[in-house]
Amino acid sequence: MAVRIGELLLKEKRITVEQLQEALNHQRQHGGKLGFNLVTLGFVKDSEITALLSKQYGVPSISLADFEIDPAVIKLVPAETAQKYQIVPLARAGATLTIAMTDPTNVFAMDDIRFMTGYNVEPVVAAEVAVLEALGKYYGKTGGTGAAATSALELASKALEQMPVPTDTDEVEVLEELEEISAETLARQGEEAPIIKLVNVLLMSAIQKGASDIHIEPYEKELRVRYRIDGVLYNIMSPPLKFRDAITSRVKIMAKLDISEKRLPQDGRIKIRFQDNGQPKDIDFRVSCLPTLFGEKIVMRLLDKDKLMLDMTKLGFESESLARFEAAILKPWGMVLVTGPTGSGKTNTLYSSISRINTPETNIMTAEDPVEFNLMGINQVQVRENIGLTFAAALRSFLRQDPNIILVGEVRDFETAEIAIKAALTGHLVLSTLHTNDAPSTVNRLMNMGIEPFLVASSLNLICAQRLVRRICKNCLEPTPTPAPALVQAGFSNEEARTVVPQRGKGCEKCNNTGFKGRVGLYEVMEVTEELRELILVGASALELRRKAIEDGMITLRQSGLRKVKDGVTTIDEVVRETVK
């Protein structure tokens with residue numbers, strides 16, 4: 001999360017646009033950080049930058065010259081690490097280590113020091129010149145400002161510094177040049193010790209922060225790493241662009257992918273084992289490599305079985321919705337569809353469903369792409385379309401395997417939908433997912449695929465649409481009185497608007513000052529009653545089906561969200577972001 005010091009100084013009117021441009025030109029010629037160049041040119045003082053960062057990020061600022069640091073504290077952080085990140089350890093109190101740094105948003109630096117020392121890290125901001133002087137005083141000479149301003153990874157690895165980096169060619173020539181790098185070179189780069197450490201820290205940091213995905217994204221002049229935490233992407237760090245291929249190769253080696261193939265998408269899996277509170281723990285990462293304009297974008301999905309919520313009562317279902325859903329999955333045949341966009345928790349709901357009905361008397365078969373979690377007692381098949389093992393092919397084979405319950409990862413086409421519906425009509429319970437906006441529109445989606453209305457009407461038991469919203473952090477929960485008109489506009493009745501007091505999280509250490517911790521589901525459960533079957537048979541619109549379902553007691557996604565606002569589980573903003581009235 002790089003500090004955009006130029007933007008901050010412009011916003012505060014400490015410098016002019018012309019001065020910023022001159023400093024950027026000076027930076028291109030002489031290197032170093034932008035803040036250092038602004039100070040060198042005399043446009044701002046070091047103390048001004050420190051005060052601004054302190055105000056912007058809520059981190060205390062100090063004058064390092066006033067401190068005499070205990071040598072025992074200095075020994076806690078090796079010289080190489082201190083110079084890499086431009087940090088100076090100041091003091092230790094209990095399990096907390098206070099460090100002075102020039103960039104208070106460098107989460108990567110704090111994580112690395114936390115892993116290395118075993119202490120919680122508390123940052124304070126100090127002037128860059130003061131940090132460089134302190135590094136020289138306590139650790140010896142760092143090689144001047146140029147070395148201090150050099151990238152963390154560059155300082156950590158002399159070998160990787162020698163990698164050829166084209167500087168005076170345009171991007172097309174660079175890409176052509178990169179295509180010529182041999183597989184042996186890529187493998188060697190991926191096995192360099194600092195690269196191995198960097199990727200390991202990225203994986204462990206994501207686990208520690210509770211991220212669901214890691215994004216490694218190459219751009220023309222930047223390599224960006226982001227984590228998705230509770231459904232929202234956060235910038236974590238920007239490694240030097242010259243290490244793009246080495247990082248990509250390391251991830252591909254770990255995922256057993258072809259490192260020489262850079263033109264086609266690839267999918268793989270990484271399984272790591274680490275010590276969690278003294279106990280060995282395994283976590284899978286689902287890896288996807290996609291060629292983009294400036295290199296391969298890598299997305300890693302964390303699959304932590306311990307976080308798989310198999311207890312349906314804890315997913316966020318309203319009691320009446322849960323009763324309908326459980327009644328549908330306990331029927332001996334028919335189809336239950338779970339719908340919603342990617343990342344809305346459909347897989348979790350399906351796994352919870354089959355765990356609920358997984359008994360020694362049942363034969364459960366699943367076709368998934370990919371198989372995310374291994375579940376005991378369930379026969380799971382990985383779909384491989386490149387060799388002809390499609391959802392439809394797997395389904396056909398399932399019907400010769402004497403199944404009671406069939407789970408189809410996704411209904412993507414007419415062939416899969418037709419076989420699934422026929423299976424539901426011939427004595428099997430079929431569970432599957434579909435990408436639609438709400439429950440009623442799922443019926444029209446099936447018909448648009450080419451399924452006859454009478455097949456849809458007779459096979460469907462229930463449709464569940466869902467979304468995920470962030471939970472308010474319980475540690476910093478506080479009421480936030482909201483005007484009644486705003487509550488009415490969100491969907492509350494006039495009576496409810498007078499009594500409802502929404503909650504919010506003010507931000508604390510446990511939630512990384514976001515006010516949110518974890519996520520909860522919003523559910524719209526449409527039971528297909530006899531009246532709805534008749535409407536489906538005559539080709540009723542999604543609007544008519546929705547109206548009838550609400551008459552029959554269906555709780556919409558918005559209503560599900562408002563109930564959770566009323567109960568202090570989430571905020572109105574979260575509900576409005578994910579649902580419509």
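## Following the chain from a helix end to its cysteines

Just after helix α15 comes Lys256, a residue whose phi is positive, near 60 degrees. This is a predicted model, in which local features need pLDDT of at least 70 and side-chain atom pairs count only at pLDDT 80 or more, while totals for chains, interfaces and linings use all residues. Residues are numbered from 1 along each chain as its sequence is written, and side-chain values use heavy atoms, with hydrogens and water left out.

Helix α15 itself spans residues 244-254 and is mostly covered, since ten of its eleven residues are buried (buried means under 20% relative accessible area, exposed over 50%, and partly exposed in between, with a 1.4 Å probe and protein chains only). Among the buried residues of α15 are Arg244, Asp245, Ile247 and Met254. Helices (H or I, at least four residues) and strands (E, at least two) are DSSP runs, numbered from the N terminus.

Elsewhere, strand β2 (residues 96-101) pairs with strand β3 (residues 120-125) in the parallel sense, over six bridges, where pairing requires that DSSP finds at least two bridges between the strands. Between them the chain passes through helix α7 (residues 107-117), and this β-α-β crossover is right-handed, a term meaning that, with the strands pointing away from the viewer, the path from the first strand over the helix to the second runs clockwise.

Turning to the cysteines, a disulfide is a pair of cysteine sulfur atoms within 2.5 Å, and by this rule the count comes to zero. Cys476 is buried at 3% relative accessibility, yet its sulfur forms no bond because the closest cysteine sulfur, in Cys508, is 3.7 Å away, which is too far. Cys289 is also buried, with a relative accessible area of 0%.
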